[in-house]
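This briefing is for a reader new to the structure. It goes through rings, cores, helices and two loop residues in turn.

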Amino acid sequence: LFPSKVSLAVYVAAVMVKPGALIPDSLKNVMKVCSGLIEKEAEKIWDFTFGNGPQNIPTSIMMKPEYVRDKFYNESPMEDYTLATTLLRPAPVMAFVGIMGIPEAPETEKIPRVYVKTGKDHLFQPHLQDLMLALWPPSQTFLLQESDHSAFFSQPRELNQFLLQAASSLSS
(Lines give C-alpha, C1' and ligand atoms only; values in the text may rest on other atoms or scores of the structure.)
Protein backbone atom coordinates (compact mmCIF):
# COMPACT_ATOMS: atom_id res chain seq x y z
CA LEU A 1 0.00 0.00 0.00
CA PHE A 2 2.91 2.38 0.67
CA PRO A 3 5.74 1.64 -1.78
CA SER A 4 7.35 5.02 -1.12
CA LYS A 5 8.03 3.89 2.45
CA VAL A 6 9.93 0.75 1.36
CA SER A 7 13.40 1.33 -0.04
CA LEU A 8 14.31 -2.33 -0.57
CA ALA A 9 12.65 -5.72 -0.13
CA VAL A 10 15.07 -8.51 0.73
CA TYR A 11 14.03 -12.16 0.48
CA VAL A 12 16.28 -14.83 2.01
CA ALA A 13 15.21 -18.38 1.08
CA ALA A 14 11.67 -17.04 1.01
CA VAL A 15 8.66 -17.20 -1.28
CA MET A 16 8.68 -14.15 -3.55
CA VAL A 17 5.49 -14.09 -5.60
CA LYS A 18 4.36 -11.22 -7.79
CA PRO A 19 0.97 -10.00 -6.58
CA GLY A 20 -1.75 -11.16 -8.94
CA ALA A 21 0.51 -13.62 -10.77
CA LEU A 22 -0.34 -17.23 -11.51
CA ILE A 23 1.69 -19.55 -9.34
CA PRO A 24 2.96 -22.80 -10.92
CA ASP A 25 1.66 -26.00 -9.34
CA SER A 26 5.12 -27.01 -8.08
CA LEU A 27 5.36 -23.82 -6.00
CA LYS A 28 1.72 -24.05 -4.92
CA ASN A 29 2.36 -27.56 -3.65
CA VAL A 30 5.28 -26.37 -1.52
CA MET A 31 3.06 -23.71 0.03
CA LYS A 32 0.19 -26.16 0.48
CA VAL A 33 2.44 -28.65 2.28
CA CYS A 34 3.76 -25.85 4.50
CA SER A 35 0.24 -24.72 5.32
CA GLY A 36 -1.24 -28.17 5.87
CA LEU A 37 -3.56 -28.07 2.87
CA ILE A 38 -1.99 -31.29 1.56
CA GLU A 39 -2.53 -33.35 4.67
CA LYS A 40 -0.75 -36.64 3.95
CA GLU A 41 2.60 -35.02 3.06
CA ALA A 42 2.31 -32.25 5.62
CA GLU A 43 1.47 -34.54 8.53
CA LYS A 44 4.85 -36.23 8.12
CA ILE A 45 6.87 -33.16 9.09
CA TRP A 46 4.48 -30.62 10.65
CA ASP A 47 2.43 -30.42 13.82
CA PHE A 48 -0.73 -28.33 13.43
CA THR A 49 -2.82 -26.19 15.75
CA PHE A 50 -6.49 -25.81 14.85
CA GLY A 51 -7.42 -22.62 16.69
CA ASN A 52 -10.62 -22.24 14.65
CA GLY A 53 -11.70 -25.85 15.10
CA PRO A 54 -10.66 -29.11 13.40
CA GLN A 55 -13.11 -28.57 10.51
CA ASN A 56 -11.11 -25.50 9.36
CA ILE A 57 -7.58 -25.12 8.04
CA PRO A 58 -4.86 -25.05 10.71
CA THR A 59 -4.06 -21.71 12.32
CA SER A 60 -0.41 -22.48 13.00
CA ILE A 61 2.28 -25.01 12.18
CA MET A 62 5.43 -26.21 13.88
CA MET A 63 7.95 -28.57 12.37
CA LYS A 64 8.24 -31.89 14.17
CA PRO A 65 11.51 -32.01 16.15
CA GLU A 66 12.92 -34.99 14.25
CA TYR A 67 12.89 -32.98 10.97
CA VAL A 68 14.18 -29.63 12.22
CA ARG A 69 17.90 -30.34 11.81
CA ASP A 70 17.55 -31.63 8.25
CA LYS A 71 15.03 -29.06 6.98
CA PHE A 72 16.16 -25.85 8.69
CA TYR A 73 19.75 -26.27 9.91
CA ASN A 74 21.46 -29.00 7.85
CA GLU A 75 24.61 -26.85 7.34
CA SER A 76 24.46 -24.79 10.53
CA PRO A 77 26.91 -25.26 13.42
CA MET A 78 25.62 -27.57 16.14
CA GLU A 79 25.66 -24.85 18.81
CA ASP A 80 23.47 -22.60 16.62
CA TYR A 81 21.12 -25.48 15.88
CA THR A 82 20.84 -26.23 19.61
CA LEU A 83 20.06 -22.59 20.43
CA ALA A 84 17.62 -22.27 17.52
CA THR A 85 15.59 -25.29 18.60
CA THR A 86 14.92 -23.60 21.93
CA LEU A 87 13.66 -20.49 20.14
CA LEU A 88 11.41 -22.08 17.49
CA ARG A 89 7.77 -21.10 17.69
CA PRO A 90 4.70 -22.03 15.62
CA ALA A 91 4.25 -20.12 12.37
CA PRO A 92 0.91 -18.69 11.24
CA VAL A 93 -0.56 -20.74 8.40
CA MET A 94 -2.15 -17.69 6.77
CA ALA A 95 1.34 -16.44 5.99
CA PHE A 96 1.57 -19.31 3.49
CA VAL A 97 -2.03 -19.57 2.37
CA GLY A 98 -2.35 -15.82 1.86
CA ILE A 99 0.52 -15.75 -0.64
CA MET A 100 -1.55 -17.70 -3.13
CA GLY A 101 -4.28 -15.10 -3.42
CA ILE A 102 -2.63 -11.69 -3.26
CA PRO A 103 -4.39 -9.37 -5.72
CA GLU A 104 -2.50 -7.56 -8.45
CA ALA A 105 -0.62 -4.53 -7.14
CA PRO A 106 1.36 -2.61 -9.82
CA GLU A 107 2.85 -0.32 -7.17
CA THR A 108 5.01 -3.21 -5.93
CA GLU A 109 7.08 -2.91 -9.11
CA LYS A 110 8.42 0.39 -7.71
CA ILE A 111 10.12 -1.44 -4.85
CA PRO A 112 13.56 -2.87 -5.68
CA ARG A 113 13.83 -6.54 -4.70
CA VAL A 114 16.85 -8.60 -3.75
CA TYR A 115 16.81 -12.37 -3.42
CA VAL A 116 19.36 -14.45 -1.50
CA LYS A 117 19.33 -18.07 -2.64
CA THR A 118 20.38 -20.83 -0.29
CA GLY A 119 22.31 -23.51 -2.17
CA LYS A 120 21.90 -26.42 0.27
CA ASP A 121 18.37 -25.67 1.43
CA HIS A 122 16.42 -28.84 2.23
CA LEU A 123 13.15 -27.00 2.97
CA PHE A 124 12.88 -24.69 -0.06
CA GLN A 125 15.05 -26.52 -2.56
CA PRO A 126 17.26 -24.47 -4.91
CA HIS A 127 15.43 -25.64 -8.06
CA LEU A 128 12.17 -24.25 -6.63
CA GLN A 129 13.91 -21.00 -5.74
CA ASP A 130 15.12 -20.82 -9.37
CA LEU A 131 11.62 -21.41 -10.70
CA MET A 132 10.26 -18.63 -8.53
CA LEU A 133 13.06 -16.24 -9.54
CA ALA A 134 12.33 -16.85 -13.21
CA LEU A 135 8.68 -15.83 -12.68
CA TRP A 136 9.49 -12.45 -11.12
CA PRO A 137 13.19 -11.61 -11.45
CA PRO A 138 14.51 -9.34 -8.70
CA SER A 139 16.93 -6.47 -9.31
CA GLN A 140 19.72 -8.50 -7.65
CA THR A 141 20.24 -12.15 -6.81
CA PHE A 142 22.91 -13.52 -4.51
CA LEU A 143 23.81 -17.16 -3.95
CA LEU A 144 24.93 -18.58 -0.64
CA GLN A 145 26.23 -21.82 -2.13
CA GLU A 146 26.89 -23.58 1.19
CA SER A 147 23.84 -22.32 3.06
CA ASP A 148 20.89 -24.21 4.48
CA HIS A 149 17.46 -22.63 4.97
CA SER A 150 18.80 -20.64 7.93
CA ALA A 151 21.48 -18.56 6.25
CA PHE A 152 21.87 -16.37 9.33
CA PHE A 153 23.30 -19.43 11.11
CA SER A 154 24.99 -21.41 8.34
CA GLN A 155 26.65 -18.47 6.52
CA PRO A 156 26.22 -15.32 8.64
CA ARG A 157 29.28 -13.44 7.36
CA GLU A 158 28.48 -14.08 3.73
CA LEU A 159 24.84 -13.12 4.26
CA ASN A 160 25.96 -9.91 5.96
CA GLN A 161 28.20 -9.08 2.99
CA PHE A 162 25.32 -9.61 0.55
CA LEU A 163 23.03 -7.43 2.65
CA LEU A 164 25.65 -4.67 2.71
CA GLN A 165 26.06 -4.94 -1.07
CA ALA A 166 22.31 -4.74 -1.58
CA ALA A 167 22.01 -1.72 0.71
CA SER A 168 24.93 0.07 -0.95
CA SER A 169 23.34 -0.43 -4.38
CA LEU A 170 20.53 1.89 -3.31
CA SER A 171 22.85 4.86 -3.20
CA SER A 172 24.55 4.12 -6.54
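**Rings and charges**

Arg69 lies over the face of Tyr81, at 4.9 Å from the ring centre. The model is a predicted one. The points below are grouped by topic.

- A second arginine, Arg113, sits over the face of Trp136, 3.6 Å from the ring centre.
- Searching the whole structure gives six aromatic pairs. In one of them, the ring centres of Phe72 and Tyr73 are 5.8 Å apart and the planes meet at 70°, so this pair is edge-to-face.
- Phe72 and Tyr73 also belong to a cluster linked by ring pairs, together with Tyr81, Phe152 and Phe153.
- Phe72 has 12% relative accessibility and therefore counts as buried. Tyr73, at 5% relative accessibility, counts as buried too.

**Nonpolar cores**

- The largest nonpolar core is made up of 14 residues. Those with the most contacts inside this core are Trp46, Met63, Val68, Phe72, Tyr73 and Leu123.
- Four elements give two or more residues to this core: helix H2 (39-45), strand S3 (60-63), helix H3 (65-72) and helix H4 (78-87).
- A second core, separate from that one, has 11 residues, among them Met16, Ile99, Met132 and Trp136.
- Which residues does Leu123 touch, not counting residues up to four places away in sequence? Leu123 touches Trp46, Met63, Lys71, Phe72 and His149.

**Helix H8**

- Helix H8 covers residues 156-171, which is 16 residues. At 1.5 Å a residue it should span 22 Å, and its end C-alpha atoms are 24 Å apart, which agrees.
- Leu159, Phe162 and Ala166 are the buried residues of H8. They lie on the same side of H8, because the arc they cover around the axis is only 60°.
- These buried residues pack against strand S1 (9-12), strand S5 (113-118), strand S6 (140-144) and helix H7 (151-154).
- Arg157 and Ser171 are exposed, on the face of H8 turned away from its buried side.

**Helix H6**

- In helix H6 (residues 126-135), the buried residues are Leu128, Gln129, Met132 and Leu133. Their arc around the axis is only 140°, so they are on the same side of H6.
- His127 and Ala134 are exposed on the other side of H6.
- Met132, one of the buried residues of H6, is also included in the second core.

**Two loop residues**

- Ala13 is found in the loop between S1 and helix H1 (25-35). Although Ala13 is not a glycine, it has a positive phi of about 50°.
- Is Ala13 buried or exposed? Its relative accessibility is 6%, so Ala13 counts as buried.
- Asn74 belongs to the loop between H3 and H4. With 17% relative accessibility, Asn74 counts as buried.
- Apart from neighbours within four places in sequence, Asn74 is in contact with Arg69, Lys120, His122 and Asp148. Arg69 is the residue that lies over the face of Tyr81.
- Asn74 and Ser154 are 80 residues apart along the chain, and their C-alpha atoms are separated by 8.4 Å.

Notes:
Residues numbered from 1 in each chain as written. Predicted model: local features only at pLDDT ≥ 70, side-chain atom pairs only at ≥ 80, totals over all residues. Heavy atoms only, no water. Phe/Tyr/Trp six-rings, centres within 6.5 Å; stacked < 30°, edge-to-face > 60°. Buried < 20%, exposed > 50% of the residue type's maximum accessible area, 1.4 Å probe, protein only. Lys NZ or Arg CZ within 6 Å of the ring centre and 35° of its normal. Expected span 1.5 Å × (residues − 1). Arc of directions from axis to C-beta. Contact = heavy atoms within 4.5 Å. Core = buried A, V, L, I, M, F, W, Y, C linked by side-chain atoms within 4.5 Å.
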